[in-house]
Amino acid sequence: MHIELRFFASVREALGLAGERIELPSEVTTVGAVREHLIARGGAWETALGQDRALRMAFNHVMCGPEAELKEGGEVAFFPPVTGG
């Protein structure tokens, strides 16, 4: 399955890129599994997306939890929580 990845704010800065298109292994079927797959790359990926980091996720422009199921050609976005004032 192919998906588009988008990274925003401090996640984008830590990774040095705003997005990429990737092909996922067949066992990666949820947004949470995408996060784990990217963390396994190690280095900056592990630091930016690690489970100890508070991150928001979206699939196809809709906020979601890690259990959200993927669809071919979809878009997964990662970004830090937003605070307002």
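Hi everyone, this is a short walk through the sheet and the nonpolar core of a predicted model.

Let's start with the sheet. Five strands form an open sheet, and going across, the order is β2-β1-β5-β3-β4, with mixed pairing. The edges are β2, residues 19-23, and β4, residues 62-64, each of which pairs on one side only. On average, neighbouring strands here are turned by 30° against each other, ignoring direction.

Now please find β5. What does "mixed" look like around this strand? With β1, β5 pairs in the parallel sense over four bridges, and one bridge joins Phe7 to Phe78 in β5. With β3, residues 56-59, the strand β5, residues 75-79, pairs in the antiparallel sense, also over four bridges. On that side, Phe59 has Val76 as its bridge partner, and Arg56 stands opposite Phe79.

Is β5 mostly covered or uncovered? Mostly covered: five of its five residues are buried. Glu75, Ala77 and Phe79 point one way from the strand, while Val76 and Phe78 point the other way.

That brings us to the core. The largest nonpolar core has 22 residues, and Leu5, Val34, Leu38, Leu49 and Phe78 have the most contacts inside it. Two or more residues each come from β1, α1, α2, α3, β3 and β5. The largest share is that of α2, with four residues.

One last residue to click on is Leu49. Setting aside neighbours within four places in sequence, Leu49 is in contact with Val11, Arg35, Leu38, Ile39, Leu55 and Phe78. Thanks for listening!

Technical notes: Residues numbered from 1 in each chain as written. Predicted model: local features only at pLDDT ≥ 70, side-chain atom pairs only at ≥ 80, totals over all residues. Heavy atoms only, no water. Pairing = 2+ DSSP bridges. Axes fitted to C-alpha atoms, helices over the stretch in contact; angles between N-to-C directions. Core = buried A, V, L, I, M, F, W, Y, C linked by side-chain atoms within 4.5 Å. Buried < 20%, exposed > 50% of the residue type's maximum accessible area, 1.4 Å probe, protein only. Contact = heavy atoms within 4.5 Å.
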